[in-house]
There are 2 protein chains.
Amino acid sequence: MTRQQLFDKIKEKESFLCVGLDTDVKKIPHHLLQAKDPVFEFNKQIIDATHRYAVAYKPNTAFYEAQGAKGWDSLQKTLEYIPADIFTIADAKRADIGNTSSMYASAFFENMNFDSVTVAPYMGSDSVKPFLAFDNKWVILLAATSNPGGLDFQNLITSDGEKLYERVIRESAKWGDADNLMYVVGATRPEALADIRKIVPHHFLLIPGVGAQGGDLHAVCEYGMNEQCGLLVNSSRGIIYSDSSENFGSSAGIQAQKIQIEMAEILQRL
Amino acid sequence: MTRQQLFDKIKEKESFLCVGLDTDVKKIPHHLLQAKDPVFEFNKQIIDATHRYAVAYKPNTAFYEAQGAKGWDSLQKTLEYIPADIFTIADAKRADIGNTSSMYASAFFENMNFDSVTVAPYMGSDSVKPFLAFDNKWVILLAATSNPGGLDFQNLITSDGEKLYERVIRESAKWGDADNLMYVVGATRPEALADIRKIVPHHFLLIPGVGAQGGDLHAVCEYGMNEQCGLLVNSSRGIIYSDSSENFGSSAGIQAQKIQIEMAEILQRL
């Protein structure tokens with residue numbers, strides 16, 4: 001999916017919502033445990049209920065890996081079930097030396113057909129570039145993450161006077177461009193967004209941390225939005241675990257729609 | 001495995017060799033492709049040929065993930081085949097927000113029974129601590145990596161005048177101790193080792209980059225060794241792909257033994 005196609009979809013659906021499929025087999029409604037593949041069955045119903053309101057889905061690979069080979073199958077089936085016009089993110093936070101990163105890129109872009117993968121920056125250029133070598137695929141690089149530990153190193157001031165996450169963005173922006181590179185910026189750090197927009201005005205940003213982690217949608221949009229929206233705002237737990245009964249699907253749909261309605265209002269200001 | 005047990009094994013085997021099982025199905029001898037599980041068959045023969053000379057095995061998860069669910073099975077079988085007295089490292093370079101890192105820790109320490117997992121530091125304390133919560137398990141944190149891109153961010157000077165990788169070590173050393181935390185330091189950066197030993201004199205270091213990546217064993221030992229050896233030196237490609245014929249196993253054994261003999265000499269100086 002190209003940047004323009006993503007923006008067109010945002011306008012069409014009046015939404016920049018990404019639904020995080022962090023599907024923990026211990027947290028899904030009990031009646032699903034009878035199903036052949038409970039994780040996939042849960043995802044299927046969540047996707048059925050939310051796809052009208054979302055432009056992206058983001059399964060976090062940790063939840064699937066925790067189930068071993070079976071979980072990997074559930075992930076593959078989930079990906080295939082997501083409607084083709086919705087942007088898919090493998091939230092994998094991978095990166096390794098060059099030849100090994102190529103294997104990860106192959107896993108997510110070839111064996112599975114994800115549109116994008118989240119990548120960790122610590123190992124530098126040759127750990128990121130193999131993911132950028134695929135046409136029509138995206139790297140979403142960790143910059144300023146939403147978790148408390150995100151402050152441990154990312155906000156360190158370098159001898160040039162900039163924060164580490166700013167340096168990561170400034171440097172990595174040379175490895176790709178706004179058409180194949182996005183950044184992860186936590187909703188819990190809206191003050192960072194204004195500074196980041198000075199460095200990368202045109203790149204899309206993936207914003208986790210709205211909802212369960214306490215981030216505020218309006219603050220994020222005030223500081224982070226650009227002329228093509230430029231934001232994918234993720235909510236995971238607030239949508240998918242909003243109801244633990246057999247009605248979990250319709251409840252997830254309602255939560256997703258609530259966010260979409262807020263987003264539609266915000267988009268009218270563009 | 002405890003630190004003392006690891007050191008006892010190093011003395012017994014006169015070796016601190018870690019064999020990297022970066023098993024790429026495109027690089028293994030052709031005759032193995034007839035086997036039911038070629039990757040496992042390759043690993044099995046490599047382990048048979050090298051286990052006398054090694055104290056650790058380190059499968060890099062990228063190579064298994066690139067095969068999807070099937071690869072995950074090969075990894076599990078490989079882990080179960082490794083003799084119980086050999087230290088096992090899931091070279092996965094994972095890390096995520098706290099509750100998600102717990103899922104990764106569960107994947108590698110509970111579903112699979114690895115002794116250790118490599119972890120990326122960028123997301124800070126709550127992304128690392130869930131891995132440290134398991135008894136008798138180890139975190140091996142990326143510090144100064146062996147790849148060219150390792151210099152992009154890890155050597156940045158902070159406003160306190162220390163390098164980022166030094167800060168990562170100094171800070172993370174508070175989250176665990178020498179009995180559950182090791183660091184990755186590339187063999188291609190021996191000059192870093194002396195400085196790192198000033199910060200963490202007692203921790204074990206995992207040293208990749210000897211062999212195909214050009215690192216020198218003697219330089220590594222000169223700057224990095226401590227009173228309990230304190231080093232696990234990894235070789236992957238130089239051992240496992242030393243011969244592409246049906247004799248690949250015995251050839252790998254010879255390469256591993258060569259390194260072990262060098263290590264035995266070095267250990268006598270302890």
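Q: Let's start with chain A: what share of its residues count as buried?
A: In this predicted model, 57% of the 270 residues of chain A count as buried.

Q: Which helices and strands should I look for, and how many are there in chain A?
A: Scan along the backbone and you'll find 12 helices and 8 strands in chain A.

Q: Why can chain A be called as compact as a globular protein of that length?
A: The trick is to set the radius of gyration beside what the globule rule gives for the number of residues. For chain A the radius is 18 Å, close to the 18 Å that the rule gives for 270 residues, so the chain is as compact as a globular protein of that length. If you'd like a box to picture, the C-alpha atoms fill one of roughly 55 × 45 × 35 Å along the principal axes.

Q: What do the contacts in chain A say about residues that sit far along the chain from each other?
A: Take the contacts with a separation of 6 or more: residues 24 or more positions apart account for 71% of them.

Q: Now two helices, please. How do I read the angle between α9 and α10 of chain A?
A: Compare the directions of their axes. Helix α9 (residues 190-199) and helix α10 (residues 217-224) of chain A come within 8 Å and cross at roughly 15 degrees. Angles under 35 degrees count as roughly parallel, and therefore α9(A) and α10(A) are roughly parallel to each other. The crossing of α9(A) past α10(A) is right-handed.

Q: Which residues meet there?
A: From α9(A) come P190(A), L193(A), A194(A) and R197(A), and they meet A219(A), V220(A), Y223(A) and G224(A) in α10(A). Sorted by class, that contact has 6 nonpolar, 1 polar and 1 charged residues.

Q: How many residues does each chain give to the contact between A and B?
A: Chain A gives 48 residues and chain B gives 48 residues. On the chain B side, α5(B) gives the most, with 7 residues. By class, the chain B side splits into 21 nonpolar, 18 polar and 9 charged residues.

Q: Are α4(A) and α4(B) roughly parallel or roughly antiparallel?
A: Check the angle again: helix α4 (residues 68-81) of chain A packs against α4(B) at about 170 degrees, with the axes 8 Å apart. That makes the two helices roughly antiparallel. In α4(A), G68(A), A69(A), W72(A), D73(A) and Q76(A) meet G68(B), A69(B), W72(B), D73(B) and Q76(B) in α4(B). This contact divides into 4 nonpolar, 4 polar and 2 charged residues.

Definitions and conventions. Residues numbered from 1 in each chain as written. Chains lettered and ligands numbered in written order. Predicted model: local features only at pLDDT ≥ 70, side-chain atom pairs only at ≥ 80, totals over all residues. Helix = DSSP H or I, 4+ residues; strand = E, 2+ residues; numbered from the N terminus. Rg over C-alpha atoms; globule rule 2.2 N^0.38 Å. Buried ≥ 20, exposed ≤ 12 C-beta atoms within 10 Å, placed from the backbone. Contact = placed C-beta atoms within 7 Å. Nonpolar A, V, L, I, M, F, W, Y, C, P; charged D, E, K, R; others polar. Axes fitted to C-alpha atoms, helices over the stretch in contact; angles between N-to-C directions. Parallel < 35°, antiparallel > 145°, perpendicular 65-115°, else oblique. Left-handed = near helix turned anticlockwise from the far one by under 90°.
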